[in-house]
Amino acid sequence: MELINYIQDFNAVSIGIRLVLSVILGGLLGMERSQKHQAAGVRTFSLVCLGSALIILTNEFICLKCGGGDTSRMAAQVISGIGFLGAGTIMVTSNNRIKGLTTASCLWISAILGLCIGSGLIVISLFCFLILMGTLSGLTRYNDWISKNNPLISLYLEVDSKTGVDELRTYAKSNYYVIKRIHRKHEKPLTRNDLCISVEMDLVKNVNHEQVLIDLDNIQAIHYVEEI
């Protein structure tokens, strides 16, 4: 308890501990994103967390030196301003697939984690970090399971312009799947005479999406298939 109280005091040692801890926790959070091959990795998260901690420490120092002031003013700017950095990680692919939402959310909470560490809330910051890592690890597996077993599947396909769509319909009908939507995509296919389409299909029952992709890939008139 004395150690926690000492760290919460505004002194040179506690400031050093807070800054180092912000780099470590931010870096560990970024490491998880790097393993998912995201652009924002260890360095980005470490810098965001460190910068947030430094800002709240600077705000606290200014208030102490001036004998008063609003200790939340600079922190409020961090919470709103980090949205611009997070927005840069969100992308919409050519197949209308949104990527980067989790990374943007992690950057935002990394900034808040830095504010907590900079404010001296070490125990709360550590608990928050453990909960955050558990959430990213546990819910990622659950989300993957949900996605793979969802009756609805969205696909991007490059098919033979003459027979591809017909063979797709035949496959769906033979497996009692329901094609809800077929939309032509104006993109350049891998093969010149192919047709690019996006398809939304209701599998009706619990079917592993990987098996559907394998089945479609084995159809001669379908030259490329990807889940979106």
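This briefing covers the nonpolar cores and aromatic pairs of a predicted model. The largest nonpolar core has 21 residues. Another core, of 13 residues, lies apart from it. The structure also holds two aromatic pairs.

**Nonpolar cores**

- Within the largest core, L157, M201, V212 and L216 have the most contacts.
- Strands and helices both feed this core: β3 (152-160), α7 (164-174), β5 (194-202), α8 (209-217) and β6 (222-227) each supply at least two of its residues.
- Apart from this core lies the one of 13 residues, with C106, L107, L115 and L136 among its members.

**Around V212**

- Beyond its neighbours within four places in sequence, V212 is in contact with I153, Y171 and Y177.
- M201, L203 and V207 are also contacts of V212 on that basis.

**Aromatic pair Y156–Y224**

- The ring centres of Y156 and Y224 are 6.1 Å apart and the planes meet at 65 degrees, so the pair is edge-to-face.
- Y156 sits in strand β3 and Y224 in strand β6, so the pair ties together parts 68 residues apart in sequence.
- Y156 counts as buried, at 4% relative accessibility.
- Y224 is partly exposed, with a relative accessible area of 31%.

**Aromatic pair Y171–Y177**

- Y171 and Y177 also form an edge-to-face pair, with 5.8 Å centre to centre and 70 degrees between the planes.
- Y171 has 9% relative accessibility and counts as buried.
- Y177 is buried too, with a relative accessible area of 10%.
- Both Y171 and Y177 are in contact with V212.

Definitions and conventions: Residues are numbered from 1 along each chain as its sequence is written. This is a predicted model: local features need pLDDT of at least 70, side-chain atom pairs count only at pLDDT 80 or more; totals for chains, interfaces and linings use all residues. Side-chain values use heavy atoms; hydrogens and water are left out. A nonpolar core is a set of buried Ala, Val, Leu, Ile, Met, Phe, Trp, Tyr and Cys residues joined through side-chain atoms within 4.5 Å. Buried means under 20% relative accessible area, exposed over 50%, partly exposed in between (1.4 Å probe, protein chains only). Helices (H or I, at least four residues) and strands (E, at least two) are DSSP runs, numbered from the N terminus. Contact means heavy atoms within 4.5 Å. Rings of Phe, Tyr and Trp (its six-membered ring) pair if their centres lie within 6.5 Å; planes under 30 degrees apart count as stacked, over 60 as edge-to-face and the rest as tilted.
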